[in-house]
Amino acid sequence: MRGASVVPRSLDWIDDELERIRAGELERRLLELTSAPGPMVELDGRRYLLLGSNNYLDLAAHPEVIAGAVAAARRYGAGSGASRLVSGSIDLQRRLEERLAELVGAEAALVFSSGYLANVSTIAALVGREDAVFSDALNHASIIDGCKLSGAAVSVYPHADMDALGSALKGEPGRRRLVVSDSVFSMEADSAPVERLAELAAAHDAILMLDESHALGILGERGGGLARARGIRPEILMGTLSKAVGSAGGFIAGSARLVELLRHRARGFIFDTAPAPATVGAALAALEIIEREPGRRARVLELSLRLGTGLRQAGLDARVGEAAIVPLMVGEPGTAVTLAARLRDTGVIAPAIRPPSVPAGTSRLRLTVSSGFTEAHVDEAVAAIVAASR
Ligand SMILES: Cc1ncc(COP(=O)(O)O)c(C=O)c1O
């Protein structure tokens, strides 16, 4: 007998939803590149200057990093086959974790398939319904999602406002209390007041978690991040391998007992297939270069300063921080989209960042440079942006 036909639930509402997205100038399109991420990229057979990649140290296509990926794939295969707890963990993973722990000055580290997963699953593993989390208003989405998933009471304090955090810590009880912040903010390019965060967390018996995604490889003498540069030791330090390290994956570093607990409780570690060997091999090779070539860090900061200063001197609202990122504030989503489209016509790709990635009224172009840019690239970018902004 033929089975009764299944009548699918109507998805007509999707058309309305997409229409709303388009009407708000919030539509997102994928640009199909046919090259590695920059500084110059290929799109539709044409070369563009890419001001939008987090490949800050130009390691994603570095020959040694690619060789690390290829060698790891040859030896261990293209896929890892299962969760590390199920099918075994390759020696490269252990070496990567040891290397990362050493870089950030922690006892141990645990690698996840992405930074997103590291944040979400660590927060959800450490706090729950009886607990409280204190989170900066401009924290990355993966922190926000981790807070939601944890079920803890979430107290969002205004961006970098330490008085507000202090009051919240006084007012919000909880079995465990976690203060969590980006160290360098991905959309603002500013740094969190990490010394004050550490003091407040200690004074109020809270755990401090810092997300070093945009500082790792860039700040600190050896690229160990902002906390290391400032002599702060957060109980939980999160980083990603997908930005300055030029590979993929994320990690948590901290005490050996923290890492041991996460191996048992972080669902994004337990129930996720281990990162592909090639990403692990690539990350290890990249970390060697980060150690060996400190000039890359200095260079990227020098170039982002040149970009930000050039734009500000032309009267534009560009933010300059200790980061490879230069946000150019424009306000409304439509303005950001128009500016990005004009720039694309002149051979420059600069991503328009709109709500929900940033608060309403603060749409911007999120410009990034890498150590592989030349001064001429930066000056060309400034000239193109200034002309397109008129
Ligand atoms: C501050 C911050 N945390 C976490 C992540 C997530 O890292 P990943 O891209 O490795 O998933 C990102 C980047 O996307 C980020 O900017």
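This text walks through the pockets, one helix packing, the cavities, a salt bridge and some backbone details of a predicted model.

Start with the open space. The largest pocket holds about 1,300 Å³. Its lining is made of 45 residues. Closest to the centre of this pocket are R29, L31, P351, A352 and I353. Several elements feed the wall. α5 (115-126), β8 (236-240), α14 (333-345) and β12 (352-353) each supply at least two residues of that lining. Helix α14 gives the largest share, four residues. The chemistry of this lining is mixed. It divides into 18 nonpolar, 16 polar and eleven charged residues.

Now turn to the second largest pocket. Its space comes to about 490 Å³. The lining counts 24 residues. Nearest the centre lie P234, E235, I236, G254 and S255. Five elements each give at least two residues to this lining: α5, α9 (226-230), β8, β9 (250-254) and α10 (256-265). The most comes from α10, with four residues. By class, the lining of the second largest pocket has 14 nonpolar, three polar and seven charged residues.

Two names recur here. Helix α5 and strand β8 each supply at least two residues to the lining of the largest pocket. Both also each supply at least two to the lining of the second largest pocket.

Next, how does α5 sit against α10? The two helices pack at an angle of about 95°, and their axes are 10 Å apart. Angles of 65 to 115 degrees count as roughly perpendicular, so α5 is roughly perpendicular to α10. On the α5 side, the contact is made by T122, A125 and L126. On the α10 side, L258, L261, L262 and R265 take part. By class, this contact has five nonpolar residues, one polar and one charged. Both helices also help line the second largest pocket, each with at least two residues.

Then come the enclosed spaces. Rolling a probe the size of a water molecule over the atoms shows where empty space is left. With a cut-off of 30 Å³ or more, the count is three cavities. The largest cavity has about 60 Å³ of space. Its wall draws on P37, G38, P39, L50, S53, N55 and D58. It also draws on T368, V369, S370 and F373. This lining divides into five nonpolar, five polar and one charged.

Which residues line the second largest cavity? They are R99, E102, L103, R222, L287, I290 and E291. The volume of this cavity is about 50 Å³. Helices α4 (91-104) and α12 (277-292) each give at least two residues to its lining. Here the classes are three nonpolar, no polar and four charged.

Helix α4 leads on to the charged pairs. The structure holds 23 salt bridges. One of them joins the side chains of E97 and R84, at 2.8 Å from N to O. Residue E97 lies in helix α4 and R84 in helix α3 (residues 84-87), so the pair ties together parts that are 13 residues apart in sequence. That same helix α4 supplies at least two residues of the lining of the second largest cavity.

Finally, check the backbone. The peptide bond from G38 to P39 is cis, with omega near 5°. Residue P39 lies in the loop between α1 (13-23) and β1 (40-43). Both G38 and P39 are among the residues that line the largest cavity. A cis bond also runs from P355 to P356, with omega near 10°. Residue P356 is found in the loop between β12 and β13 (363-368). Strand β12 is one of the elements that line the largest pocket.

One more residue is worth a look. D44 is not a glycine, yet its phi is positive, at about 50°. The loop between β1 and β2 (46-50) holds D44.

Notes:
Residues numbered from 1 in each chain as written. Predicted model: local features only at pLDDT ≥ 70, side-chain atom pairs only at ≥ 80, totals over all residues. Heavy atoms only, no water. 1 Å grid on protein atoms, 1.4 Å probe; cavity = no way out; pocket = protein on both sides within 12 Å on 5 of 7 lines; lining within 4 Å. Points joined across faces, edges and corners; volume = space filled by probe spheres on them. Nonpolar A, V, L, I, M, F, W, Y, C, P; charged D, E, K, R; others polar. Axes fitted to C-alpha atoms, helices over the stretch in contact; angles between N-to-C directions. Parallel < 35°, antiparallel > 145°, perpendicular 65-115°, else oblique. Contact = heavy atoms within 4.5 Å. Salt bridge = Lys/Arg side-chain N within 4 Å of Asp/Glu carboxyl O.
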